[in-house]
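Colleague: I should like to learn how to read buried residues, salt bridges and an interface from a model. Please take each feature in turn, with the general idea before the case.

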Amino acid sequence: MRLEESLAAHNLTREEYDAIVGKLGREPNENELGLFSVMWSEHCSYKSSRVHLKRLPTRGPRVLQGPGENAGVVDIGHGLAAVFKVESHNHPSFIEPFQGAATGVGGIIRDIFTMGARPVALMNSLRFGPLTVPKNRRLLSGCVAGIASYGNSMGIPTLGGEVVFEDCYNLNPLVNAFCLGLASKDRIFLAKAEGEGNPVFYVGAKTGKDGIHGATMASAEFDEAAEEKRPTVQVGDPFLEKLLLEACLELMATDALVAIQDMGAAGLTCSTAEMGARGGLGIEIELNRVPQREAGMTPYEILLSESQERMLLVAKAGREAEVEAIFKKWDLDAAAIGKVTGDGLLRVLAAGKTVAEVPNRALVDEGPVYERPMKRPAYLDAVAAVELPEPTDLEETFVRMLASHTIASKHWIFEQYDHMVQSNTIVMPGGDAGVIRVKGTPMALAMCLDGNGRYTYLDPYLGGATAVAEACRNIAAVGATPVGATNCLNFGNPEKPEIMWQFARAVDGIRDACERFDVPITGGNVSFYNETEGKGIYPTPVVGVVGILEDATKRVRHYFRTDGDIVYLMGNTDEELGASEYLKLVHGRNDGSPPRLDLDTEAALQSFTREVASRGLMHSAHDLSDGGLGVAIAESLFGPLGETMGASIALETPRRADGVLFSETQSRILTSVPSASADAFLALAEEHGVPVKRIGVTGGDTLEIRVNGTSAISKNVDDLREVWWNAIEKGLLR
Amino acid sequence: MTLIKANVVVQLKSAVHDPQGETIRHALEQLELGQVESVRQGKFFELTVEASSKEEAEKIVREIALRVLSNPVLEVFQVEIES
């Protein structure tokens with residue numbers, strides 16, 4: 001093969017190749033070129049994003065481990081740590097939805113238990129094109145089944161997350177998986193090789209030819225030739241991963257383990273090089289000792305395979321038998337494949353012959369770093385002021401909003417997930433955030449995933465900041481305090497200056513909001529090249545926030561619980577229909593300016609909400625997001641077990657009725673307060689400087705909404721619930 | 001038009017991981033039922049189709065196997081028309 005062809009096949013540029021030759025002082029052989037190809041891919045090296053990610057706040061008094069390890073770690077008190085991360089599996093899920101999504105879940109679970117934590121919760125953020133397109137129906141049902149299959153088999157509850165439908169994700173779905181685990185805070189394990197002469201073990205499933213060059217694939221756009229990229233799909237085995245989880249945790253309880261890293265993207269290559277580089281050491285491995293699924297695999301294939309459910313670990317010399325006994329007990333392969341050396345090199349042998357020899361640092365730390373050109377996209381100048389006809393029938397419009405697939409109940413999806421296993425779930429999917437008890441303590445952990453592609457498309461800075469604000473608001477709505485965040489940044493091709501500009505602005509937005517709310521980013525991932533046939537997705541930063549609720553019994557649910565409670569809206573409402581769900585669904589456009597965000601207003605709202613929750617003054621709290629106040633009121637009427645409650649609401653506005661109902665003004669929460677607590681609630685609101693407005697009372701079996709004294713909506717609640725509850729199923733069964 | 005019987009075998013592609021096959025192999029080992037080096041499992045379908053000729057039947061069945069019975073991303077299939 002000519003060099004140009006070889007470089008193209010490896011997704012390396014001529015400049016990158018010259019840099020490799022410079023580092024080695026010679027031409028790389030084919031195996032070495034393969035190593036550099038995956039390690040210097042966008043997916044592994046973050047070469048386009050690194051200069052921007054540096055701006056994110058990553059430290060805080062609770063942060064035990066920030067970005068750069070398998071997952072972030074936050075001190076949650078009681079001697080415990082929460083270990084969590086969100087990661088994308090967009091490209092594999094597009095090629096093979098079931099296995100792609102399943103192995104995405106498997107990968108993020110491994111990242112968590114690699115750190116010494118037992119996984120206790122999963123969530124995911126999913127985005128698809130409209131269900132009117134048959135391919136999207138298959139993608140949705142395939143991804144959901146895959147997520148359910150892996151998470152349920154592992155016995156880890158899936159607490160929900162978010163599901164959004166939008167044209168731009170047609171043929172480029174987003175599948176972002178989140179996992180959280182609990183560990184003893186002084187028993188965190190890192191992926192840093194130490195101790196020359198220590199043995200290197202390969203544990204878990206055998207290596208096959210699956211997923212070769214998956215990392216390089218995730219760093220390229222799709223075109224019609226994607227069909228040919230198909231054999232790179234991996235098949236997961238959750239039951240084997242369950243054994244791997246138990247075996248690793250058992251080994252971690254001994255002191256025989258030095259370092260451990262999971263084999264994810266770029267498999268054996270990435271785990272070996274990264275462990276070596278972090279410790280400033282070399283690692284020598286013999287490929288013939290790697291357990292293999294099929295005969296005749298070449299060194300190149302073994303090095304780059306992305307077979308699932310594998311781990312690499314460094315044990316203390318002399319403790320080999322102990323390691324082997326534990327893995328044997330769990331019915332798993334554990335093979336000593338090499339040792340830690342002092343020369344800083346990754347040396348790969350095949351039957352005693354050196355087939356690759358490269359400095360670990362060259363692969364991991366000395367990869368290319370690009371400050372790619374940036375340009376404000378021209379479409380932003382074309383953003384027009386929104387002028388809309390008012391709907392003639394507000395009630396019919398309201399019902400249509402409830403049937404929007406982005407707004408409608410996601411029960412068809414989350415009912416496929418086991419969300420009760422481990423028996424700690426105290427706020428189930430469908431709430432503002434998932435909440436689990438932490439056994440042995442009075443506390444609970446809240447978590448949620450949020451992002452808004454439309455906002456980010458029309459104002460990347462605001463979109464990034466709003467993702468953080470909304471996630472923190474959801475955490476506040478259940479009564480918890482955010483303590484850490486993780487992000488998954490889904491963008492188009494970074495070689496396009498407009499995409500890079502969107503990325504940089506979104507990162508700035510995330511930074512400012514995280515700083516204001518004191519929520520450090522402890523890790524995450526970047527997914528670029530989300531483009532199919534040159535058409536990109538909306539830039540979609542997804543933010544996962546984890547919060548602490550010191551008293552689990554104080555958790556707040558999102559739906560009205562008692563007759564005769566007073567309904568208050570916290571926060572002011574402006575007429576902000578730009579970039580809204582209403583604008584898209586009813587008027588078929590996505591333009592205008594997304595709702596403004598004032599970080600101080602938001603912070604005040606959140607601390608007020610937390611204090612109301614801790615004093616037990618409210619019966620429900622629900623964040624206002626897609627679809628605004630109208631949708632938040634409706635969602636508050638529907639309990640998770642089919643129970644419903646009506647309400648009588650009166651709204652005032654000097655402007656349009658559709659504006660007050662569907663505006664997506666930020667920093668608002670809808671709450672129901674028992675009348676006996678109303679005075680205390682109002683006094684607290686004043687203390688916090690948060691405007692609150694009494695808008696109605698709960699009770700009855702109808703929803704009555706009057707705007708400026710005129711009846712706008714008068715519907716039986718069960719009829720409304722029917723529409724909201726069944727919309728996605730209807731969309732799938734068309 | 002006559003009724004023609006067709007058999008379809010669907011299997012994972014050779015390079016694709018087959019956890020179920022592995023589990024069966026492992027069980028055989030534990031049951032000491034001989035030295036079985038490897039097991040690959042798959043699915044078997046019997047179809048009866050109405051067609052004017054064996055060639056037409058095969059065409060119909062291949063289409064069904066490709067579009068419905070198999071997942072072409074991960075699997076391959078074989079069609080056998082019964083005489």
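Colleague: Is A:Asp658 buried or exposed?

Modeller: Buried means under 20% relative accessible area, exposed over 50%, and partly exposed in between (1.4 Å probe, protein chains only). A:Asp658 has a relative accessible area of 0% and is therefore buried. This is a predicted model, in which local features need pLDDT of at least 70 and side-chain atom pairs count only at pLDDT 80 or more, whereas totals for chains, interfaces and linings use all residues. Residues are numbered from 1 along each chain as its sequence is written, chains are lettered from A and ligands numbered from 1 in the order in which they are written, and side-chain values use heavy atoms, with hydrogens and water left out.

Colleague: Where does A:Asp658 lie, and which residues does A:Asp658 touch?

Modeller: Helices (H or I, at least four residues) and strands (E, at least two) are DSSP runs, numbered from the N terminus. A:Asp658 belongs to helix 23 (residues 657-662) of chain A. Contact means heavy atoms within 4.5 Å. Leaving aside residues up to four places away in sequence, A:Asp658 touches several residues, among them A:Pro389, A:Glu390, A:Leu394 and A:Tyr582.

Colleague: Which side chains are in polar contact with that of A:Asp658?

Modeller: A polar contact is a pair of N or O atoms within 3.5 Å; within protein, one must be able to donate a hydrogen and the other to accept it, and residues adjacent in sequence count only if both atoms are side-chain atoms. The side chain of A:Asp658 makes such a contact of 2.7 Å with A:Tyr582, and one of 2.7 Å with A:Arg656.

Colleague: How many salt bridges does the structure hold?

Modeller: A salt bridge is a side-chain nitrogen of Lys or Arg within 4 Å of a carboxyl oxygen of Asp or Glu. There are 47 over all chains. One of them pairs B:Lys43 with B:Glu75, with the closest N and O atoms 3.8 Å apart. This pair links distant parts of the chain, since B:Lys43 is in strand 2 (residues 42-51) and B:Glu75 in strand 3 (residues 75-81) of chain B, 32 residues apart. B:Lys43 is partly exposed at 39% relative accessible area, while B:Glu75 counts as buried at 15%.

Colleague: Which salt bridge has both partners in helix 2 of chain B?

Modeller: An α-helix has 3.6 residues a turn, so residues three or four places apart point the same way. In helix 2 (residues 54-69) of chain B, B:Glu63 and B:Arg67 are 4 residues apart, about one turn of the helix. Their side chains meet in a salt bridge of 3.1 Å, N to O. B:Glu63 is partly exposed, at 41% relative accessible area, and B:Arg67 is exposed, at 65%.

Colleague: What area do chain B and chain A bury between them?

Modeller: The size of an interface is often given as the accessible area lost when the parts come together. Buried area is the accessible area (1.4 Å probe) that two parts lose on being put together, summed over both. Chain B and chain A bury about 1100 Å², 57% of it on carbon and sulfur atoms. On the side of chain B, B:Ala15, B:His17 and B:Val73 lose the most area to chain A, together 48% of what that side buries. In terms of contacts, 11 residues of chain B meet 13 residues of chain A.

Colleague: How many salt bridges and polar pairs are counted between chain B and chain A?

Modeller: The count is 0 salt bridges and 4 residue pairs in polar contact, both residues at pLDDT 80 or more.
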